[in-house]
Amino acid sequence: MSLTALYLLVALGAGLVAMFLRLPPLVGFLAAGFGLHAAGVGDLEGLETLADLGVTLLLFGIGLKLDVRSLLRPDVWLSTFAHLGFSMIIGVGLLAGIAPLGFALLTDADLGEMALIAFVLSFSSTVFAIKVLDERHDNNTLYGRIAIGVLIMQDIVAVAFLTISKGHWPSPWVFALVLLLPGAWLAHRMWDRITSTELTALFGLAMALVPGYWLFEAVGLKGDLGALVIGVLLGSHVNAPALTKVLFSIKELLLIAFFLSIGLTGVPSLEDLALAAVLQILLPLQAAAYIVIFAFMGLRYRTATLASFTLTNYSEFGLIVIVIASATGMASVEWQTVLAVATSLSFLVGALFNAYAARFINLLNRVLPERTTARLQEADRPINLDGAKALVVGMGRVGRTTYEKLCETQDYQVLGIEHDSLRADSLKAEGFAVVEADATDQDFWERVKKGAGMELVVLTMPFHGDNLLAMDLLDKLGFEGTVAAIAMRPEERDELKKRGAHAVLNLYASAGSDLADKALRVNQERRATP
């Protein structure tokens, strides 16, 4: 227990220092791992298991929110392969260029080994990128979805490489995984009957780890990929957002173990540190390549830059690839320590890139020519308000009813905002004026602000935190119209009013009041009937 307490205190202290320096806490956790190892502190039993659980839940959570169609977008799959090719070319060039400097690992390295290291360095960290998106509340933004899509494509490429490098194909039983489709239907029906929060959390863990991780490992595939697939199959359930919210804190705590475990990989020599530092030169080149590729795909400079900087880091998945490659003789074992340090340093570099993203975007907008609307993707073009006076944010059941009521009773020109592309497309097919966008993205409100005549904004998003964030963004941009919102509990109502909402409806209280009124009215009618 004393060793566990030491790990907790060191991780907490390092995380607080990182936060004080305005860096992501994960940078502190990495530093804590290196510090504990350098101090000769013994390994904490079970830490690796906790780290694996954290990554598994991370990918399961991504799957719950993933729109599979996004992987078929050219700005996802084509960008992934174009960037992979570029990264390998500049990676091999850098390694060959610094080989004469006397680095022992590069002295005897052939072109094949250099290409392998460049391949490993082409991947971006799923954990780091999702942490960045979570902290910004940007998971559902256009650039966030593109970044996540690229990360998943990279994982697929890495899984294919691992399968080939192991020298054997997955078990023939891999074809039996098609049974997951009817199995998902059964899981949905079981989920329909679960009403307890505790059982919901346990159900999610069981699905991620058993038909997800364990089953895929059993047939020779990567377990984390299985967790992602199961998440996708369950993501269409109405309670998927609630499960994501329940598992969030568990995942965050487990990921601390993951970052600590990276730091505990070994004490690097001075030469290892120097080589790892030199490898950081690739990061700005990779970032620039992403920006160019994304801009070519029809994204604005802001979207391209934010997606690029989210991916500007090296991947912990690359460490798994190099371990397998070392075991098969494709690369020297010493690369494991160098790449662990390089990955850790890349998180620090990535944090700095993201901290100054806004300034870099302003610079690009001043220096580069303005993009014409026709050359931009439809999802990244300026929002055409079309004279709308009212904006309904969140087109679920409450938002849809609000939209229809405003159109009927006030004869307002109304525009709906929905981040779920499937729901947005369905509503458009029914004749609703809907724009696919994320109202927790500051850029969205900046684009809305350019329109004139907006009088009313109604926030009907299901998560209280999203409505609060939208309120903050509206206040920051100086919106002077009327803002109304929904709440589930009295404390949520009070918080929204404190943030500036002019009208807040407590859904449960309103439903109870309406039900009582209707019950009394029907009772009176029945009693009056002879």
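Hi everyone, I'll walk you through one helix and one set of strands in this structure. Keep in mind that this is a predicted model.

Let's start with helix α2, residues 25–38. What span should its 14 residues have? At 1.5 Å a residue they should span 20 Å, and the end C-alpha atoms are indeed 20 Å apart, so the two values agree.

Now, which residues of α2 are buried? They are Leu 26, Val 27, Gly 28, Phe 29, Leu 30, Ala 32, Gly 33, Phe 34 and Leu 36. As for what covers them, the list includes α1 (2–20), α7 (126–136), α12 (240–263) and α17 (335–355). If you follow the chain past α2, you come to Gly 40, which has a positive phi, near 80°.

Let's move along to strand β5, residues 482–487. Of its 6 residues, 5 are buried, so β5 is largely enclosed by the rest of the structure.

Who are its partners? One is β4, residues 456–459, which runs parallel to β5 and is joined to it by 4 bridges. Here you can find Val 458 opposite Ala 484 of β5. To get from β4 to β5, the chain passes through helix α22, residues 464–476, in a right-handed β-α-β crossover.

Another partner is β6, residues 503–506, and this pairing with β5 is also parallel, over 4 bridges. Look at Ala 484 once more: in β6, Ala 503 stands opposite Ala 484. Between these strands we meet helix α23, residues 490–498, and β5, α23 and β6 together form a right-handed β-α-β unit.

That's my tour, thanks for listening!

Conventions:
Residues are numbered from 1 along each chain as its sequence is written. This is a predicted model: local features need pLDDT of at least 70, side-chain atom pairs count only at pLDDT 80 or more; totals for chains, interfaces and linings use all residues. Side-chain values use heavy atoms; hydrogens and water are left out. Helices (H or I, at least four residues) and strands (E, at least two) are DSSP runs, numbered from the N terminus. The expected span of a helix is 1.5 Å times one less than its number of residues. Buried means under 20% relative accessible area, exposed over 50%, partly exposed in between (1.4 Å probe, protein chains only). Contact means heavy atoms within 4.5 Å. Two strands pair if DSSP finds at least two bridges between them. A crossover is right-handed if, with the strands pointing away from the viewer, the path from the first strand over the helix to the second runs clockwise.
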